[in-house]
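Colleague: Got a minute to walk me through this model? I'd like to start with a hairpin and then jump around a bit.

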Amino acid sequence: LALAVGCGEPEESASNADAYASHLPDDRLLVALPTGGANRSVGDTADSYLTTVQVSTDVNGMIGHVLDLVDHVTSFEPTYSSEDDEYLWGPWNDGGLDPNETALYVRYDATADEYGWAFVQRPKTSTSDDAWVPIIAGTATEGETPDTGSGGFIIDFDAIASLNPAEQNRGIFASNYDIREDGVDAEAGFQAFSDDGGANSIDAGYHYGQDATGAGYMDLAYLADIQEDGSAEETIVLRTRWMADGAGRGDMVILGGDLGPLVFQGSECWNDGFSVTFEENNAEMVRD
């Protein structure tokens, strides 16, 4: 990215800057999975429901951090604009406590008809424009109405860690989304991601959708060694879907790795209190 940092005084174009900011991702990307119910019993809560809650909480945390940052930064006037096709917010330094300066850059590409945006950082001791490093970057495209649109973004934790030794996360998190009038579909992925400095990393793919009523679904696929005496990773695929009141169903398949030719399959249904109402699997030959 070539940034025009500190190249002029702010221009009187706040309304257009607001329009640019409005195309950036917002909290409609978060999974609003019901988490309460009058009949909930911890002892027999559906396992696939708990997994869905945990995964959606982790992904919401990743996406939510970006959304909060975008919303907070764009609540201020932009620092710089150029011919109404690009805007810059920042740089800022969080009161001098952060080892880096951070800025948000948004630009409209008329040829591609999309908005490109990025959070960039450089050491606060640097004055070189070449020192800016993108840490979060994405694109956004307008939909047919102001409340619709599509896009995606990437968080590069390796880049963040290269600028801040205190950062423990490593790897890449990416998300693509399509916001419609009647709901949202999104994908997210973790590549070589870890939260312990890289000692243990995962690759995982995640796909979810939700309609205007709150009903939705989640697909999750990842690799993990689930065998106590195993040495190879198995492939775990979980699909859950739920209604607006929280009742739902989960289906899981586990294959490969130390399972060899065997394939584990399991299904369960739960009520609006998240208690199991039906369970079936071929590992324990159970059907309740």
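Modeller: Sure. Strand 11 and strand 12 form a hairpin with five residues between them, and Gly246 in the turn has a positive phi of about 105°. Strands here are DSSP E runs of at least two residues, helices are H or I runs of at least four, and both are numbered from the N terminus.

Colleague: How many bridges join strand 11 to strand 12, and do they run parallel or antiparallel?

Modeller: Eight bridges, antiparallel, with strand 11 covering residues 234–242 and strand 12 covering residues 248–255. Two strands count as paired if DSSP finds at least two bridges between them. As an example of the register, Thr235 has Leu255 in strand 12 as its bridge partner.

Colleague: And how does strand 12 pair with strand 13?

Modeller: Also in the antiparallel sense, over eight bridges, with strand 13 at residues 263–270. Arg249 stands opposite Cys269 of strand 13 there.

Colleague: Before I go further, is this predicted or experimental, and how are things numbered and filtered?

Modeller: It's a predicted model, where local features need pLDDT of at least 70, side-chain atom pairs count only at pLDDT 80 or more, and totals for chains, interfaces and linings use all residues. Residues are numbered from 1 along each chain as its sequence is written, and side-chain values use heavy atoms, with hydrogens and water left out.

Colleague: What's the average pLDDT of the chain?

Modeller: The average is 83, and 87% of the residues score at least 70. pLDDT is the predictor's confidence in each residue, on a scale from 0 to 100. Over residues 1–14 the pLDDT is below 50, and that stretch has 25 contacts in the model beyond near neighbours in sequence. Residues 37–43 are below 50 too, with 14 such contacts. A contact is heavy atoms within 4.5 Å.

Colleague: Okay, back to Arg249. Which side chain does Arg249 meet in a salt bridge?

Modeller: Asp251, at 3.0 Å from N to O. The rule for a salt bridge is a side-chain nitrogen of Lys or Arg within 4 Å of a carboxyl oxygen of Asp or Glu. By this rule the count comes to nine salt bridges.

Colleague: Are Arg249 and Asp251 buried or exposed?

Modeller: Arg249 is partly exposed, because its relative accessibility is 36%, while Asp251 counts as buried because it has 19%. The cut-offs are under 20% relative accessible area for buried, over 50% for exposed, and partly exposed in between, with a 1.4 Å probe and protein chains only.

Colleague: What about strand 11, which salt bridge does Arg239 form?

Modeller: Arg239 pairs with Asp219, and the closest N and O atoms are 2.6 Å apart. That pair links distant parts of the chain: Arg239 is in strand 11 and Asp219 is in strand 10 (residues 216–224), 20 residues apart. Arg239 is partly exposed at 35% relative accessible area, and Asp219 is partly exposed at 21%.

Colleague: Where do Arg122 and Glu101 sit, then?

Modeller: They form a salt bridge with closest N and O atoms 3.0 Å apart. Arg122 is in strand 4 (residues 114–123) and Glu101 in strand 3 (residues 100–109), 21 residues apart. Both Arg122 and Glu101 are buried. There's also a network of salt bridges linking Asp85, Glu86 and Arg107.

Colleague: Switching to aromatics. How many aromatic pairs does the structure hold?

Modeller: It holds 10. One of them is Tyr108 with Tyr115, tilted, at 4.9 Å centre to centre and 45° between the planes. Rings of Phe, Tyr and Trp (its six-membered ring) pair if their centres lie within 6.5 Å; planes under 30 degrees apart are stacked, over 60 edge-to-face, and the rest tilted.

Colleague: Why is the Trp117 and Phe119 pair called edge-to-face?

Modeller: Because the planes of Trp117 and Phe119 are at 90°, with the ring centres 6.3 Å apart. Trp117 is buried at 3% relative accessible area, and Phe119 is buried at 0%.

Colleague: Which residues form an aromatic cluster?

Modeller: Phe157, Phe173, Phe190 and Phe193 form one.

Colleague: Last one: how many helices and strands are in the chain?

Modeller: Three helices and 15 strands. The chain has 288 residues, and buried ones make up 41% of them.
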